[in-house]
Amino acid sequence: QVQLVESGGGLVQAGDPLRLSCAVSGSISSISVMGWYRQTLGKERELIAAARWSGGTSYYHNSVKGRFTISRDNAENTVYLQMNSLKPEDTAIYYCAAAKKGTTGWEDAYWGRGTQVTVSL
């Protein structure tokens, strides 16, 4: 099992930065990819950033490219999402997810409980 705990959400103004953290514990060796999703009311959860736990190329949704950066601190077992130039449309609940080795997609992934990010004008 893997446990994920997000933190760092809050209320910010448009243009401000914010950094989310995801503390990872448990069977970390079973993780292949870490991702950040977000969800707004009435919409499906969408993947906005992802990176392999072992390193390599990262993925970003077009809506956040150039503004958000996913990174990890393996020594601290923490994954971060640095969000810059925030916009009101970035307002959502942000979830950390960990895909398991030997699986495809995110259907069987581990999930955190989410952290709310609200961006005001």
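# Briefing on a predicted model

Ser85 has a relative accessible area of 42% and is therefore partly exposed. The residue belongs to a predicted model, and its place is in the loop between β8 and β9. The points below cover the loops, an open sheet of four strands, one disulfide and the nonpolar cores.

**Loop residues with positive phi**

- Most residues other than glycine have a negative phi.
- Ser85 departs from this pattern, with a positive phi near 50 degrees.
- Asn77 is not a glycine either, and its phi is also positive, at about 50 degrees.
- Asn77 sits in the loop that links β7 and β8.
- Buried means under 20% relative accessible area and exposed means over 50%, so Asn77, at 25%, counts as partly exposed.

**Other loop positions**

- Gly66 lies in the loop between β6 (58–60) and β7.
- The relative accessibility of Gly66 is 85%, so this residue counts as exposed.
- From Gly66 to Ser85 the C-alpha distance is 9.5 Å, while the two are 19 residues apart in sequence.
- Pro17 is in the loop between β2 (10–13) and β3.
- Pro17 has a relative accessibility of 49% and therefore counts as partly exposed.
- Not counting residues up to four places away in sequence, Pro17 touches Val12, Gln82, Met83, Asn84 and Leu86.
- Pro17 and Glu89 are 72 residues apart along the chain, and 14 Å separates their C-alpha atoms.

**The open sheet**

- Four strands make up this sheet, in the order β1-β3-β8-β7, with antiparallel pairing.
- The edge positions belong to β1 (2–7) and β7 (68–73); each has a single partner strand, so one side of each has no neighbour in the sheet.
- From one strand to the next, the twist averages 20 degrees.
- At one edge, six bridges join β1 and β3 in the antiparallel sense.
- Within this pairing, Leu4 has Val24 of β3 as its bridge partner.
- The covered face of β1 carries Val2, Leu4 and Glu6, and the uncovered face carries Gln3, Val5 and Ser7.
- At the other edge, β7 pairs with β8 (residues 78–83), again antiparallel and over six bridges.
- The bridge partner of Phe68 in β8 is Met83.

**Thr78 in strand β8**

- Thr78 is part of strand β8.
- With a relative accessible area of 10%, Thr78 is buried, because buried means under 20%.
- The Thr78 side chain comes to 3.0 Å from the backbone oxygen of Glu76.
- Leaving aside neighbours within four places in sequence, Thr78 is in contact with Ser21, Cys22, Ala23, Ser71, Arg72 and Asp73.

**The disulfide**

- A disulfide is a covalent bond between the sulfur atoms of two cysteines.
- The structure has one disulfide, and its partners are Cys22 and Cys96, with an S to S distance of 2.1 Å.
- Cys22 belongs to strand β3 (residues 18–26) and Cys96 to strand β9 (residues 92–100), so the bond ties together parts that are 74 residues apart in sequence.
- The S-S torsion is about -80 degrees, which means that the disulfide is left-handed.
- Both Cys22 and Cys96 are buried.

**Nonpolar cores**

- In soluble globular proteins, nonpolar side chains tend to be buried together.
- Here the largest nonpolar core contains 30 residues.
- The residues with the most contacts inside this core are Leu4, Val24, Met34, Trp36, Leu81, Met83 and Tyr94.
- Strands that each supply at least two residues of this core are β1, β3, β4 (31–39), β5 (46–52), β7, β8, β9 and β11 (115–120).
- Another core lies apart from the largest one and has nine residues, including Val33, Ala97, Ala99 and Ala109.
- Leu4 and Val24, listed among the residues with the most contacts in the largest core, are also bridge partners.
- Met83 is likewise on that list, and Met83 is the bridge partner of Phe68.

How values were computed. Residues are numbered from 1 along each chain as its sequence is written. This is a predicted model: local features need pLDDT of at least 70, side-chain atom pairs count only at pLDDT 80 or more; totals for chains, interfaces and linings use all residues. Side-chain values use heavy atoms; hydrogens and water are left out. A disulfide is a pair of cysteine sulfur atoms within 2.5 Å. Buried means under 20% relative accessible area, exposed over 50%, partly exposed in between (1.4 Å probe, protein chains only). Two strands pair if DSSP finds at least two bridges between them. Axes are lines fitted to C-alpha atoms, for helices over the stretch in contact, and angles run from 0 to 180 degrees between N-to-C directions. A nonpolar core is a set of buried Ala, Val, Leu, Ile, Met, Phe, Trp, Tyr and Cys residues joined through side-chain atoms within 4.5 Å. Contact means heavy atoms within 4.5 Å. A polar contact is a pair of N or O atoms within 3.5 Å; within protein, one must be able to donate a hydrogen and the other to accept it, and residues adjacent in sequence count only if both atoms are side-chain atoms.
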